[in-house]
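Visitor: I am new to this structure and would be grateful for a close look at a single part of it. Kindly take one residue and its surroundings, and set them within the chain as a whole.

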Amino acid sequence: MNEMITKPMSVVRQEFIDNLTSDDDAVIIGGDGTLHRFANEIRNYEIPCQMYLYKAGTGNDFSREFKKQKLINITKHITNLPTMIIDGHEELFLNGTGIGVDGEVCAIVNNMQSSKRGLNYFKTL
């Protein structure tokens, strides 16, 4: 009988990164949240290969800058990121963070019943 072996995420992450070579390409599937988490998870590792994002999120704010590309090379975009300390924990931010008025505007827009278009941000003001 096969037994499921569980490993801590840090071990899985280290094994994954250790097995990457410069001949590999790694693809992350998701949106802004996935990309944010990925950037924070690999922050102290040297990744030897090209990293790509296959956009599959709901908002895709980051990937929107790349127009109609479905597969985006993010290698140069996930290094040297700005940081912010939240509740004593330092986080990297890829495409922005907001507090105060801008955060409130985003919350209102996200809860609007109408379709989410750029003009909605101005309607909230």
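**A close look at E91 and its surroundings**

Guide: Let us begin at the surface: L71 has a relative accessibility of 43%, so this residue counts as partly exposed. The model is a predicted one. L71 has its place in strand β3, which covers residues 71-73. Together with V27, I29 and Y54, L71 makes up a nonpolar patch on the surface, and the accessible area of these four is about 370 Å².

The chain as a whole gives the setting. It holds 5 helices and 5 strands, and their order along the sequence is α-β-α-β-α-β-β-β-α-α. The chain has 125 residues, of which 26% count as buried. Its exposed area is about 9300 Å², with 53% supplied by carbon and sulfur atoms. Among contacts with a separation of 6 or more, 51% are between residues 24 or more positions apart.

From here we may turn to the part chosen for the close look, E91. This residue is found in strand β5, which spans residues 89-92. E91 is buried, yet no salt bridge is formed by it. Its nearest side chain of opposite charge belongs to R43, at 6.1 Å. Why is this no salt bridge? A salt bridge requires a side-chain nitrogen of Lys or Arg within 4 Å of a carboxyl oxygen of Asp or Glu, and R43 is 6.1 Å away.

E91 does have a polar partner: its side chain and that of H36 are joined by a polar contact of 3.0 Å. When neighbours within four places in sequence are left aside, the residues in contact with E91 are H36, N40, R43, P82, T83 and M84.

One of these contacts, N40, leads on to helix α2, residues 32-41, where N40 is buried along with L35, F38 and A39. The buried residues of this helix pack against strand β5, and also against β1 (25-30), β2 (50-55) and α3 (61-64).

Helix α3, in turn, contains F62. The relative accessibility of F62 is 8%, and therefore F62 counts as buried. Residues up to four places away in sequence not being counted, F62 touches L35 of the buried set just described, as well as D32, L53, I74, H77, L94 and N95. F62 and G31 are 31 residues apart along the chain, while their C-alpha atoms are separated by 7.9 Å.

Conventions: Residues are numbered from 1 along each chain as its sequence is written. This is a predicted model: local features need pLDDT of at least 70, side-chain atom pairs count only at pLDDT 80 or more; totals for chains, interfaces and linings use all residues. Side-chain values use heavy atoms; hydrogens and water are left out. Helices (H or I, at least four residues) and strands (E, at least two) are DSSP runs, numbered from the N terminus. Buried means under 20% relative accessible area, exposed over 50%, partly exposed in between (1.4 Å probe, protein chains only). Lys and Arg count as positive and Asp and Glu as negative; His and the chain ends are not counted. A polar contact is a pair of N or O atoms within 3.5 Å; within protein, one must be able to donate a hydrogen and the other to accept it, and residues adjacent in sequence count only if both atoms are side-chain atoms. Contact means heavy atoms within 4.5 Å. Accessible areas come from the Shrake-Rupley method with a 1.4 Å probe; for residues, only the protein chains shown count as cover. Patches are made of residues with over 30% relative accessible area and no salt bridge: like charges are joined within 9 Å, nonpolar side chains (Val, Leu, Ile, Met, Phe, Trp, Tyr) within 5 Å.
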